[in-house]
Amino acid sequence: MSSSKKRRNVLLTLALGAALCAGCSPNKEKKVLESRADLVNPLVGSDSEYKFSNGNTYPAIALPWGMNFWTPQTAKMRDGWTYAYKAKHIKGFKQTHQPSPWLNDYAAFSLMPLVGELKIDETERQSAFSHENETSSPHYYSVLLDDYKTKVEISPTKRCAIFRFTFPETQEAKVLLDGYWANSHIVIDKERQTISGWVDNNHGGVADNFKNYFVARFDRPFEKGNTWLNAKATSSSESKGEKAGAYVAFNAKSNQEVVVRVASSFVSLEQAKLNLERELGQSSFEEIKTKAKEAWNSELGKVQIVKGNHNQEDQKVFYSNLYRLLLFPREFYEVSAANDTIHYSPYNGKIEKGVMYTDNGFWDTFRAVYPFYSLLYPAKYGEMMQGIMVNPFKESGWLPEWSSPGHRNVMIGSNSASIIAEAYCKGIRNFDIETAYQGILKNSENAGPLTSVGRAGVEWYNKLGYIPCDAKVNEYVARTLEYAYNDFSIYRLAVLLNRPKEEIERFAKRAQNYRNVFDASTNFMRGKDSKGNWQKPFVPDAWGGAFTEGSAWHYTWSVLHDPQGLIDLMGGREAFTAKLDSVFTTPPTFDYSYYNQEIHEMTEMAAANMGQYAHGNQPIQHGIYLYNYARQPWKTQYWTDRVMDSLYSAKADGYCGDEDNGQTSAWYVFSAMGFYPVAGVTGEYVIGAPRFEHLKITLPTGNVLEIKAKNLTERNIYIQSLKVNGKPYGKNYFTHELLKKGGLVEFEMGPEPNKSWGSRKEDIPFSMSNNLKI
């Protein structure tokens, strides 16, 4: 890569340890609302677009891990940015399963009220709206459609939703059901007051017979109604084909309210009807709304902010992030009339017994989402392992790495191994570990039918200990580094499973493969050819090529399981911390030659104003916590505070990049609690600095973990001392076993670093180089 290639240099520099504000707000106790659902803003992250992500989210009206979400739709069909905060018009209210705009949606259909003449085209029928007349909560959404003077309200269950449309006085009130752009089958039954059928729109990851069956039951008779096909009105009550839909009309002169109960199923129309009767029945809108709110408060209340901090908004930030953390992966299973748990398999197209989970990219979520579940939801974690790992392996022959709803060919790594291993290493046993381990072994030795399944470049990696730059496998250094952590995870799991010694040793050796792509002359990870020569020229800020959505500045720190090994490679703690400091002080330049354009992650890094630190993407999100391994935990405390302060908010632009299935939210939730899982499979959480004066975490055992931060203010961000259950605690990490027992953790905070706390050799977290046991 020549020096003449395209480069952008944003002249922003930062001084590490810059002076904090001289004053701070009075540290008064702030009462947290009893209903934590009312503190959530689902619009956070929705002020995004293709070129710049402030989260790339949409307001998901859903229950935790719900099979279906609902959202207002401001964009055209097939546009992944389905709801944009700056948009002025709403085109419909759709059932969505979209995990990311980059993956797009599947099985979508929408409802839309209108008044007057029939308008089938989504742009023609759209209505203006204002955020002043919009209410968005996890359990309830409402908006006034200005063009139709009609109020729309929605409240969800796991597989259903209830709508309430309040029309003005009119004889021309209509409700449309749009089957979208692909094939669908739409039937109006005036006698039963229903619209039912199926849709099959998707963007991949499904079997040929994939369908989403639905039924919408209205609470009053239709005055009239017909379907459309190929976006043209018909005189029939049934249509089958592309761009099909239906409308039903009402006289709203004497009764302006229309309630619609909607259910769906991936199994059959009969199952959709069963889901409707079970989850909605004859319950009123207010009853469903109350139950949905209770469901959210039950989950959000597991982490209680008893006493906040100087900034009341932080409570909204926390619970808005916790809400995002509890959405994915989604439950993709149903309960049959015989009360059997069943699922439609997107992998083989069959109806199978057992659970299924989907819509998850493990490249993102292995980092902090599953560690959070391990602490707060271990039983759910185990069920997820059966449903998102074991059953997909049985049904497709491969462990997923990105499922939506089946295998999707995006991202890199073999991170299913680390998620499975973490569960088992933390004592979670309610899944078929033997079958899961078979899948892990298969992945470790084989490339898959997609580059995201199995291990691309595995023959090189297993032979040379790295994937060379001339192997015709993209993102070769990133893959090498991620495979090494995955192999460490397999090694830890293999020990627990009493696997043969040769197998254990093989994975322990491969876990050290990160060393093969470290260049001591530059102190960066770097590409190398198959003969062992370093790739030239070397451009540290070149994105892509050797790396995935990042550069050497980001991936050099991807040695999650062995920071001490990396410290040694760099020449010791001083050289390591100097290099890590430079991440934050080096101007945020980037070479985008590999992509031939500036991609949004680059723009977001520059906008964050933290040098080469790119919190808007996952590879370096753990990097701040590496200071603890180098015995300088006060720098972790400083930078976690900076990131929480400046890169998160409770507004529509509240993220600094893609939120990604809960991962960027999980970083905040963990960091606000005062610790973070750098390498989940080790069972350790590296200590940062708490965000709130008093937290109560209700653990699944019923034990309560209390976290208190004495003297916490806007200025007092540094740990002066720490006690656990009344005893001084000098380690700069917690263990999983310690936290899950509950108890009292007491931080004392101050305005200046206490450089003696957590800085002894015996205080640092696990590194493989210090703890290798075979």
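The lining of the largest cavity is a mix of classes, with eight nonpolar, six polar and four charged residues. This cavity, seen here in a predicted model, encloses about 140 Å³ of space. Of the 18 residues that line the largest cavity, N56, T57, P99, E659 and N661 are the closest to its centre, so those are good names to look up first in the viewer. The structure holds 10 cavities of 30 Å³ or more. Rolling a probe the size of a water molecule over the atoms shows where empty space is left.

Let us move on to the pockets. The largest pocket holds about 640 Å³ of space. Its lining takes in 29 residues, and W102, M411, E549, H600 and E601 lie nearest the centre. Which elements give two or more residues to this lining? They are α5 (362-365) and α16 (600-608). Of these, α16 provides the largest share of the lining, three residues. By class, the lining of the largest pocket divides into 10 nonpolar, 10 polar and nine charged residues.

The second largest pocket comes next, with about 310 Å³ of space. It is lined by 17 residues, and the closest to its centre are V40, N41, L43, S136 and A650. Here β7 (134-136) and α4 (313-325) each supply at least two residues of the lining, and the largest share, three residues, comes from β7. The classes in the lining of the second largest pocket are seven nonpolar, six polar and four charged.

From the empty spaces we can turn to the strands. Strand β13 (residues 194-199) is mostly covered, and six of its six residues are buried. How do its side chains point? T194, S196 and W198 point one way from β13, while I195, G197 and V199 point the other way, and all are buried. On one side of the pairing, strand β12 (residues 183-189) runs antiparallel to β13 and is joined to it by six bridges. Within that pairing, H185 has W198 of β13 as its bridge partner. The hairpin of β12 and β13 has four residues between the strands, and Q193 takes a positive phi near 60° there. Strand β13 also pairs with strand β14 (residues 212-218), again in the antiparallel sense and over six bridges. In this second pairing, S196 stands opposite V215 in β14.

The end of β12 leads us to a salt bridge. The side chains of R192 and D189 meet at 3.1 Å, N to O. Are these partners buried or exposed? R192 is exposed, because its relative accessible area is 58% and the cut-off for exposed is over 50%. D189, at 22% relative accessibility, counts as partly exposed, because buried means under 20%.

A salt bridge within a helix makes a nice companion. K273 and E270 meet through their side chains at 3.6 Å, N to O. Both lie in helix α2 (residues 269-279), three residues apart, about one turn of the helix. Why does that spacing suit a contact of side chains? An α-helix has 3.6 residues a turn, so residues three or four places apart point the same way. E270 is exposed, with a relative accessible area of 54%, whereas K273 is partly exposed at 35% relative accessibility.

Further along the chain, E762 and R760 form another salt bridge, at 3.3 Å, N to O. E762 counts as partly exposed at 47% relative accessibility, and R760 is partly exposed too, with a relative accessible area of 42%. Elsewhere, salt bridges that share partners join K158, E331, K380 and E383 into one network. A search of the whole structure finds 35 salt bridges.

Helix α11 (residues 476-496) makes a good last stop. What span should its 21 residues have? At 1.5 Å a residue they should span 30 Å, and the end C-alpha atoms are 30 Å apart, which agrees. The helix is mostly covered, with 18 of its 21 residues buried. Just after α11, N498 takes a positive phi of about 55°.

Notes:
Residues numbered from 1 in each chain as written. Predicted model: local features only at pLDDT ≥ 70, side-chain atom pairs only at ≥ 80, totals over all residues. Heavy atoms only, no water. Salt bridge = Lys/Arg side-chain N within 4 Å of Asp/Glu carboxyl O. Buried < 20%, exposed > 50% of the residue type's maximum accessible area, 1.4 Å probe, protein only. 1 Å grid on protein atoms, 1.4 Å probe; cavity = no way out; pocket = protein on both sides within 12 Å on 5 of 7 lines; lining within 4 Å. Points joined across faces, edges and corners; volume = space filled by probe spheres on them. Nonpolar A, V, L, I, M, F, W, Y, C, P; charged D, E, K, R; others polar. Expected span 1.5 Å × (residues − 1). Pairing = 2+ DSSP bridges.
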